[in-house]
Amino acid sequence: MKAKNLLALLLAVPLGGARPPLPMRWGPAPKYSVADIPAALREGAHAVLRADDEVVTVKSASRLVHTVHKVITVLDAGGDAFGRTTVGYDALNAIGYLRGAVYDADGRLLHQLRASEIRDQGVGDAGGSLMTDVRVRYADLRQPQVPYTVEFDYEVVSDNTLFYPTWQPQDEEGLAVQSATLRVSTPSALPLRYQERQWPAGAPAQHTSAGSQEQYAWALAGRPALDEEDNAPPLADTTPGVALAPGAFEVQGHAGSATTWQSFGQWNYELNTGRAVLPPATIAKVAELIKDAPDPHTRVARLYNLLQGSTRYISVQLGLGGWQTFPASAVATSGYGDCKALSNYTMALLATAGVPAYVALIGAGADHADLRPDFPSNQFNHAVVCVPLATAGRPDTLWLECTSQTTALGYMGSFTGNRHALLLTPKGGQVVATPRYRCADNRRERRIDLYLDAAGAATATARTLRTGQEQDTYAQVLHELGPTEQKQYVAERLRLSTFTISKFGLAVAPGAGTPGVVETLGLALPGYAPPSGKRVFVSPNLLSRLPALPAQVGTRQTALWVPRASLQADTVRLHFPAGFQPETLPAPVQLATAYGTYSAQYLALPDGTVRYVRRLELPRLHLPAASYAGYVDFRRKISAADRAQVVLLKTDA
């Protein structure tokens with residue numbers, strides 16, 4: 001499936017250093033002087049978007065042209081990334097031109113981009129992209145001395161009208177907008193579909209008609225730079241933008257409609273009809289595998305194991321191959337495929353076993369925005385399989401991630417959980433929800449025994465169970481790194497001043513249900529709680545202290561956003577050396593708020609040890625900006641309680 005935004009792929013391109021300025025004694029009259037930027041836009045900005053003039057011209061149901069003229073003044077080193085640009089192209093998208101120039105602080109031309117300076121290279125991905133026609137052209141006009149101004153012009157002619165551009169000028173922290181415009185021209189027979197997002201009041205779209213053409217225009221101006229606030233939604237959800245989408249579209253002769261989710265899904269379903277036929281040998285293998293598995297759930301589990309053990313993921317981005325799958329027979333023979341092909345193959349395996357299933361399109365990635373159900377359009381970059389089941393007379397649904405050899409059956413996690421997908425059925429597309437992971441699913445349970453000696457050194461043994469989304473990263477570390485790298489990863493995240501890891505282990509947690517990873521640690525902690533006279537001050541919260549949030553500076557601008565629910569449960573047993581006994585235990589703490597709940601309790605046990613029990617439950621939150629002050633206070637109280645100390649008294653002579 002095609003990736004719409006190729007700017008992130010720039011990291012694969014060697015930069016080769018910034019260009020030194022080339023002074024010119026004569027040349028065009030100065031323009032884009034930094035002095036012409038209003039002071040209010042320079043304040044707090046790393047860069048200022050002087051102009052972002054974009055034009056989208058819909059030529060037909062199968063072709064559109066997108067032109068961009070962008071001028072950015074880089075004010076300091078924090079905005080240096082704006083001094084370069086990347087334009088992607090492939091078999092369905094051709095670059096008409098790419099031009100550039102750079103100016104000094106006074107607006108004098110320093111250099112015009114030469115064709116020989118534009119780099120061109122293919123694009124791969126970290127997962128091992130094997131079949132792709134995607135390439136990028138890359139221009140770098142960064143300067144060693146700031147401020148400077150870059151100007152880029154380019155045109156892309158697209159024969160893939162499934163994708164209309166999305167326009168969001170202020171898409172980076174520290175970027176102010178002086179002027180930005182979007183103009184769209186489309187035939188009256190192909191009405192434009194658009195959605196204004198976070199759009200300022202009093203700035204409606206300008207719509208005019210001229211003969212057989214419809215014209216639309218939007219404009220933004222004078223928007224100061226933004227700092228991304230703590231626990232805030234992504235900028236894409238907070239700054240103004242306009243999303244565009246087709247009604248009728250055509251890709252390499254395959255016409256469709258995106259006016260409804262039903263019609264969009266119908267086009268995709270029909271595009272892949274007839275590609276789920278398996279070879280006779282594979283059908284026989286399925287029959288043998290499920291011959292003693294009468295219930296559908298067991299059949300799904302066995303076939304998912306077959307898939308994970310016999311296939312691998314590659315990326316296919318070749319023209320229509322971004323949407324049309326490899327036949328299931330090709331995957332059965334070769335053992336590889338992209339997300340569409342592996343999902344289609346899985347659906348074919350399940351159909352052979354008498355288990356109905358559907359491919360579903362989804363926007364994947366921990367930071368990917370959820371589907372906007374009120375704006376049918378392509379919002380997807382991935383495909384999975386949905387298996388509707390009935391267990392003991394009640395509906396039950398399994399979701400299968402078909403590109404992973406290690407993901408647990410039915411688990412979506414941070415990659416595709418807590419969002420919506422488009423189910424592709426014979427009757428068309430249907431928006432459905434993927435599994436929602438709540439506090440009880442995303443757990444981190446830790447048990448620690450902390451042994452203190454008379455000199456203040458300590459040793460500790462810790463066992464940590466992480467489940468659900470809390471284990472996602474650790475599962476990746478477990479399956480993709482060796483023991484040494486795993487240990488290093490964990491060590492770098494321990495919030496301890498001085499320590500040595502004496503024992504380490506990382507393993508898949510046993511048992512069914514939400515997947516988990518178990519971490520075992522042995523720690524040596526020199527000088528952890530040195531005596532102070534006859535007393536020793538011990539912090540029992542060894543590994544789970546939650547830091548306080550910085551106080552809000554100025555008025556909070558964005559909503560309070562906590563995207564993932566979680567539950568932390570800690571039990572620490574404190575073992576003291578001979579001659580010491582608890583003198584003071586911290587008072588218990590109980591917090592119950594709209595932002596979550598917290599408790600901490602201490603108990604002196606008959607054997608002379610002290611048990612510390614901590615529990616923190618944080619739900620998913622999306623609350624108004626005014627709620628942030630209360631959340632900061634909640635976090636401050638937790639941080640204070642997490643730093644509480646047990647006071648020991650030396651009792652012997």
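## The second largest pocket

By class, 12 nonpolar, seven polar and seven charged residues make up the lining of the second largest pocket in this predicted model. The space in this pocket comes to about 590 Å³. Of its 26 lining residues, those closest to the centre are L226, D227, E228, E229 and Q557.

## The largest cavity

Now let us turn from pockets to cavities. Rolling a probe the size of a water molecule over the atoms shows where empty space is left. The count here comes to two cavities of 30 Å³ or more.

How much space lies in the largest cavity? The volume is about 40 Å³. Its lining is formed by G363, H368, A369, D370, L371, Q379, F380, R419 and H420. Sorted by class, the lining of the largest cavity has three nonpolar, four polar and two charged residues.

## How confident is the prediction?

Across the protein, pLDDT averages 92, and 93% of the residues score at least 70. The start of the chain is another story: over residues 1-25, pLDDT stays under 50. For that stretch, the model has 64 contacts beyond four places in sequence. Please look at these contacts with care: where pLDDT is low, the predicted coordinates should not be read in detail.

## Helix α2 and what covers it

Is helix α2 largely enclosed or largely open? Helix α2 spans residues 261-271, and eight of its 11 residues are buried, so the helix is largely enclosed by the rest of the structure. You can pick out the buried residues of α2 in the structure: W261, S263, F264, G265, Q266, W267, N268 and L271.

It helps to know how a helix turns. An α-helix has 3.6 residues a turn, so residues three or four places apart point the same way. The cover over the buried residues of α2 includes strands β16 (248-251), β17 (254-257) and β21 (358-362), along with β24 and β25.

## A hairpin from β24 to β25

Two of the strands that cover α2, β24 and β25, also pair with each other. Strand β24 (residues 420-425) runs antiparallel to strand β25 (residues 428-433), and six bridges hold the pairing. One pair to look for is L422, whose bridge partner in β25 is V431. The hairpin between β24 and β25 passes through two residues.

Just ahead of this hairpin, look for N418, which sits in the loop between α7 (413-416) and β24. Most residues other than glycine have a negative phi, and most peptide bonds are trans. N418 has a positive phi, near 60°, although this residue is not a glycine. N418 has a relative accessible area of 10%, so it counts as buried.

## Hairpins from β34 to β36

Next come strands β34, β35 and β36. Strand β34 (residues 589-593) and strand β35 (residues 596-604) run antiparallel and are joined by five bridges. Here L591 stands opposite Y598 in β35, and the hairpin from β34 to β35 goes through two residues.

β35 also pairs with strand β36 (residues 610-618), in the antiparallel sense and over eight bridges. In this pairing, Y602 has Y612 of β36 as its bridge partner. How many residues lie between β35 and β36 in their hairpin? There are five, and G608 in the turn has a positive phi of about 95°.

## An open sheet of three strands

Strands β10, β15 and β12 form an open sheet in the order β10-β15-β12, with antiparallel pairing. Its edge strands, β10 (166-167) and β12 (193-197), each pair on one side only. Two bridges connect β10 with strand β15 (residues 241-245), and W167 stands opposite V242 in β15.

On the way into β15, you meet N231, which lies in the loop between β14 (213-223) and β15. N231 is a residue other than glycine with a positive phi, near 50°. Its relative accessible area is 24%, so N231 is partly exposed.

## A cis peptide bond

One more spot deserves a look. V146 and P147 are joined by a cis peptide bond, with omega at about 0°. P147 belongs to the loop between β8 (135-140) and β9 (148-158).

Conventions:
Residues are numbered from 1 along each chain as its sequence is written. This is a predicted model: local features need pLDDT of at least 70, side-chain atom pairs count only at pLDDT 80 or more; totals for chains, interfaces and linings use all residues. Side-chain values use heavy atoms; hydrogens and water are left out. On a 1 Å grid over the protein atoms alone, a cavity is a set of points where a 1.4 Å probe fits but cannot get out, and a pocket is an open set with protein on both sides within 12 Å along at least five of seven lines; lining residues have an atom within 4 Å of a point. Grid points are joined across faces, edges and corners, and a volume is the space filled by probe spheres set on the points. Ala, Val, Leu, Ile, Met, Phe, Trp, Tyr, Cys and Pro count as nonpolar, Asp, Glu, Lys and Arg as charged, and the others, Gly among them, as polar. pLDDT is the predictor's confidence in each residue, from 0 to 100. Contact means heavy atoms within 4.5 Å. Two strands pair if DSSP finds at least two bridges between them. Helices (H or I, at least four residues) and strands (E, at least two) are DSSP runs, numbered from the N terminus. Buried means under 20% relative accessible area, exposed over 50%, partly exposed in between (1.4 Å probe, protein chains only).
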